[in-house]
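User: I am new to this structure and would like a close look at any salt bridges. Please also describe the surroundings, so that I can find my way around.

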Amino acid sequence: MSFAQSPKKTGLPREVVKWLQSLDLSFYPKNVRRDLSNGYLVAEILSLYYPQDFLVHSCDKGSSLSAKQRNWSQIEKFLQKQNLHLMKEIIDGSIHSKPGAAELLVQEVYTILTNRSIRDVQGLESDFTDQEYQELLPTLARSTASKAIKNNLRITEMMAESDISTNQRKAQVILHRHLEHQAADRVLNPGRFKVKPNLCRLAAKNPVPSSRGDECSASSRDATSKFCSSSTRSGAAVPFKEIKVHQPVRHSLVNY
């Protein structure tokens with residue numbers, strides 16, 4: 001069964017799309033991330049190349065986590081027997097529908113089965129996060145901290161990993177990366193976040209003119225460097241010392 005109509009944009013190289021169209025599959029993967037998650041289409045592809053060694057009827061079409069794990073376990077065992085290798089990170093990313101994982105999986109399967117190299121390999125993130133997509137969005141439309149954790153830590157990923165501390169470490173890594181990006185946005189767009197520059201930055205933006213003499217400029221640079229070093233060490237914005245002023249007592253005039 002061939003597919004004459006061109007599919008929607010899936011993020012796959014042209015030769016891989018043509019290869020998928022030429023295969024006699026039960027359905028075409030319109031949504032690569034969703035349709036390749038349970039591994040059934042990969043099992044169909046393997047059964048076409050190895051009809052006597054791999055039976056697709058032993059795989060499940062279900063979308064539950066247990067069905068996905070059973071299918072991919074059979075696929076991994078078969079690939080080991082054939083001395084073929086797929087990265088565990090790519091398989092796990094495809095099971096949990098991580099961004100870019102399924103696209104990279106199809107390219108790896110194409111390379112392994114056809115012994116062909118892909119000319120235009122897309123630069124997919126190895127950690128399978130939505131960082132590239134978030135960078136394309138304006139600052140106002142980017143994810144919050146809770147949304148970033150939800151997008152990059154799937155519920156199936158937490159179900160597959162029973163250790164709570166491991167899931168907590170994953171969430172902390174995502175949160176730390178989100179805070180780093182937010183700090184970079186504050187530096188690039190200080191007006192949006194209402195960030196007020198300290199005295200050190202103001203001195204750097206408004207240097208002392210050279211007409212006042214080298215001695216004055218040198219002393220100002222030394223004072224600025226001392227203030228910057230002291231402010232960064234102490235963490236205070238402006239160090240100050242309280243001065244008490246004694247005012248004379250005013251006596252009121254009494255009319256006798």
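Analyst: Here is a short orientation, followed by the salt bridges and then some nearby features.

This is a predicted model, in which local features need pLDDT of at least 70, side-chain atom pairs count only at pLDDT 80 or more, and totals for chains, interfaces and linings use all residues. Residues are numbered from 1 along each chain as its sequence is written, and side-chain values use heavy atoms, with hydrogens and water left out.

Let's begin with the whole chain. The protein chain has twelve helices and zero strands; helices (H or I, at least four residues) and strands (E, at least two) are DSSP runs, numbered from the N terminus. Of its 256 residues, 33% are buried. Here buried means under 20% relative accessible area, exposed over 50%, and partly exposed in between, with a 1.4 Å probe and protein chains only. The accessible surface comes to about 18100 Å², and carbon and sulfur atoms account for 54% of that surface. Such areas come from the Shrake-Rupley method with a 1.4 Å probe, and for residues only the protein chains shown count as cover. Contacts, meaning heavy atoms within 4.5 Å, also reach along the sequence: among those between residues at least 6 apart, 53% join residues at least 24 apart.

Now to your main topic. The structure holds seven salt bridges, each being a side-chain nitrogen of Lys or Arg within 4 Å of a carboxyl oxygen of Asp or Glu. One of them pairs D60 with R70, at 3.5 Å from N to O. This pair links distant parts of the chain, ten residues apart: D60 sits in the loop between helix 3 (40-49) and helix 4 (65-81), while R70 belongs to helix 4. D60 is partly exposed at 31% relative accessible area, and R70 is partly exposed at 45%.

Helix 4 takes part in another salt bridge, where the side chains of E76 and K88 meet at 3.5 Å, N to O. Twelve residues separate the two, with E76 in helix 4 and K88 in helix 5 (residues 88-95), so this pair also links distant parts of the chain. Both partners count as partly exposed, E76 at 22% relative accessibility and K88 at 42%. The pairing extends to a third residue, as E76, K88 and D92 are linked in a network of salt bridges.

A further example joins D185 and R142, whose closest N and O atoms are 3.1 Å apart. D185 is in helix 10 (residues 164-188) and R142 is in the loop between helix 7 (131-136) and helix 8 (145-152), 43 residues away along the chain. D185 is buried, with a relative accessible area of 12%, whereas R142 counts as partly exposed at 26%. The loop between helix 7 and helix 8 also holds L140, which is exposed at 72% relative accessible area. The C-alpha atoms of L140 and R192 are 9.6 Å apart, with their positions 52 residues apart along the chain.

Let's return to helix 5, where K88 is found. Its buried residues are I90, I91, G93, S94 and I95, and they pack against helix 4 and helix 6. Just after helix 5 comes S97, with a positive phi of about 55°, in the loop between helix 5 and helix 6. Most residues other than glycine have a negative phi. N115, which is not a glycine, also has a positive phi of about 55°; N115 lies in the loop between helix 6 and helix 7 and is exposed at 69%.

Finally, consider helix 6 itself. The axes of helix 1 (residues 14-22) and helix 6 (residues 101-114) come within 10 Å and cross at roughly 70°. Axes are lines fitted to C-alpha atoms, for helices over the stretch in contact, with angles from 0 to 180 degrees between N-to-C directions. The two helices are therefore roughly perpendicular to each other, a term used for angles of 65 to 115 degrees, with under 35 roughly parallel, over 145 roughly antiparallel and the rest oblique. On the helix 1 side, E15, V16, W19 and L20 meet V106, Q107, V109, Y110, L113 and T114 of helix 6. The residues of this contact divide into seven nonpolar, two polar and one charged. Nonpolar covers Ala, Val, Leu, Ile, Met, Phe, Trp, Tyr, Cys and Pro, charged covers Asp, Glu, Lys and Arg, and the others, Gly among them, are polar.
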